[in-house]
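Hi everyone, thanks for making the time. I'd like to walk you through one model today, so please keep the sequence and the 3D view open while I talk.

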Amino acid sequence: AGDLHHYTRHAPVSSTSRNKRRRRGKTRSYSLDRLSKKGITEEDDRGIRPIEPFTETNKPHLIVAGGGGAFMHGTNAYARDIKVGPQLQEYTRIIAYPNEVTSSYLGWLNMYQFRSRGWRCDLIFACVYLGIVSSLFPLCGGYDDYDEFNPDHDLGLLFVWLAKMVGSLILRMVTSEWYSLLCLLGVLLAMLSLQSPEHHVKPIQRYFLALGHAFAHITAALSCLIFVQCVAEWAVKEQIVTVTSIERNLFTIPSGLAGSIYVEYRTHFYPLLRNFTHTDAPSLLEGPFRNEFLSSTASLIKIIIEFGNNCWDFLFTHVPLLKTTLKLFDLPSLVAQNHHAMCSQLCANGMECFYSHDSATFQSISRRIFAPYVAGITLYYIFIAVPLAGTIFGTWLAVSLNIFKSQCDLAFSSLQIQDYKNFVKMRITKDGELEVYGVGLRKVPRKWMKDPDFDGGHSKRRNTVKPSWSLISPSKWVPVQNAKAHMPQIIDYCSIPKRRIRRVSK
């Protein structure tokens, strides 16, 4: 019944029960009323008269059993009451596995589990967000503007200022930053294309969801950019990072955190190691404790430590290994110092440098300043923006599923839930009735082992193979842990009586 990974059964609504209150949560029922068999017996006419099936007054039940799929589909996004066929026969849902409450709860998990389960989307989010803000680096004067707008650091004014700055940046992208504008339009088109065309969702609701989703991503991308730029200016203003001239010689002592760590090493740890390797280690073993083996071991340790220290001394003195490594990993100083250097050039002589950049001045910035700055600020930006992007996308899935009853396939495929498997078993009784059993598995075992009692149905004496249904242990693999949730259970049952037949008069 289609590619729907859940179990449902819809029963036809008869005219007598249409106005009655329907019982919900019913897990077992008869699909058809058992008709009286009085007077419907067929005589053995040995084919003298032709017969035809009796026209059924009850319609068949509609069963969906796709629980063998790779992931689970919820049931809360599908209608309980449906109309089928050219005559629009009314059907109502008798059983849903998992039920609507469980499906709704699982759908809300997208809000905080989408990124952990769909971590492969991080690269897409990073590229999209960087594309939106790529034309806006650097933003100069943002922290000073905030300090002037909200000197008391009021939380409400913070959001007002942030909304004003986001609106100004969007206006800047529309008027001058063509590459960012292209990425912004790409986000709008992508969000519109993600809207599924369910007939029960009105077009205005689709557009509202798409535009709201796109606006949330654009606002988040610009807000993260404003945050990291303001932090860089705040670190310089509060003298957390010391701003000096741009270093061009790798052999000079780096500034900031890298320089302080390097100076600390040269002042304290380096002399300690040098003095340790020049001590007379064997003299410590004079007297009754002296031993030739211990003396040779101490001498060997002394030689190894002295050789290692000389190697590090060579790397520090002649090859700028440590200083270069510290400079590469001292991202706060690198970002803040290069940001200050670029903004000093862009904002010279009181020139406006936040809402727009002078093209000639921007082109004059050295690549040795701009490239390390962009590389460093990108790492901080991705670290903040990507988790926020995943949360926004997961929230959109959860809201679309549980409120607008759409995006069922996308919302549950992102969760990758393996549980709630099901299948159908049928049995024909001696009376000709068809019994249908819905069998469900609440939780799928994650760890398996070989069943020691499994023999494959091979009989050594008769050299035959037994059918699988007759075996006590029909499966080669069994769960490591026999939990109650791992045991199959009957989730639905219905019985379809044998069709009545009538004779056709000649």
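**A walk through the model**

Let me start at A190, which counts as partly exposed at 30% relative accessibility; for that label, buried means under 20% relative accessible area, exposed means over 50%, and partly exposed is what lies in between, with a 1.4 Å probe and protein chains only. A190 sits in helix α6, residues 178–193. Its C-alpha atom is separated by 8.4 Å from that of A214, and the two residues are 24 apart along the chain.

A quick word on where these values come from. This is a predicted model, in which local features need pLDDT of at least 70 and side-chain atom pairs count only at pLDDT 80 or more, while totals for chains, interfaces and linings use all residues. Residues are numbered from 1 along each chain as its sequence is written, and side-chain values use heavy atoms, with hydrogens and water left out.

Now the overview. The protein chain has 14 helices and 13 strands; these are DSSP runs numbered from the N terminus, with helices being H or I of at least four residues and strands being E of at least two. Of the 506 residues in the protein chain, 36% are buried. Among contacts in the protein chain with a separation of 6 or more, 79% are between residues 24 or more positions apart, where contact means heavy atoms within 4.5 Å.

**Salt bridges**

How many salt bridges does the structure hold? There are 10, each being a side-chain nitrogen of Lys or Arg within 4 Å of a carboxyl oxygen of Asp or Glu.

Take D144 and K237: they form a salt bridge whose closest N and O atoms are 3.6 Å apart. D144 belongs to helix α4 (residues 142–149) and K237 to helix α7 (residues 203–237), so this pair ties together parts that are 93 residues apart in sequence. As for accessibility, D144 is partly exposed at 44%, and K237 is partly exposed at 43%.

Next along helix α4 we have D145, which forms a salt bridge with K164, and there the closest N and O atoms are 3.6 Å apart. This pair also links distant parts of the chain, with K164 in helix α5 (residues 155–175) and D145 in helix α4, 19 residues apart. K164 is partly exposed, with a relative accessible area of 33%, and D145 is partly exposed at 24%.

My third example is R427 with E435, where the closest N and O atoms of the salt bridge are 2.9 Å apart. Are these two buried or exposed, or something in between? R427 is partly exposed at 47% relative accessibility, whereas E435 is buried at 11%. Elsewhere, R80, R93 and E100 are joined into one network by salt bridges that share partners.

**A helix pair**

Please turn to helix α1 (residues 100–108) and helix α2 (residues 110–117). Their axes come within 6 Å and cross at roughly 60°; axes are lines fitted to C-alpha atoms, for helices over the stretch in contact, and angles run from 0 to 180 degrees between N-to-C directions. That makes α1 oblique to α2, since angles under 35 degrees count as roughly parallel, over 145 as roughly antiparallel, 65 to 115 as roughly perpendicular and the rest as oblique. On the α1 side the contact is made by L106, G107 and W108, and on the α2 side by N110, M111 and Y112.

**Two open sheets**

Strands of a sheet pair through backbone hydrogen bonds, either parallel or antiparallel. One open sheet has 3 strands in the order β6-β7-β12, with antiparallel pairing; two strands pair if DSSP finds at least two bridges between them. Its edge strands are β6 (421–428) and β12 (489–496), each pairing on one side only. Neighbouring strands here are turned by 20° against each other on average, direction ignored. β6 pairs with β7 (residues 434–441) over 8 bridges in the antiparallel sense, and M426 stands opposite V436 in β7.

The other open sheet I'll show has 4 strands in the order β3-β1-β5-β4, again with antiparallel pairing. β3 (62–65) and β4 (81–84) are the edge strands, and neighbouring strands are turned by 25° on average, direction ignored. β4 and β5 (residues 89–97) pair over 4 bridges in the antiparallel sense, and the bridge partner of K83 in β5 is E90.

That's my tour, and I'm happy to take questions.
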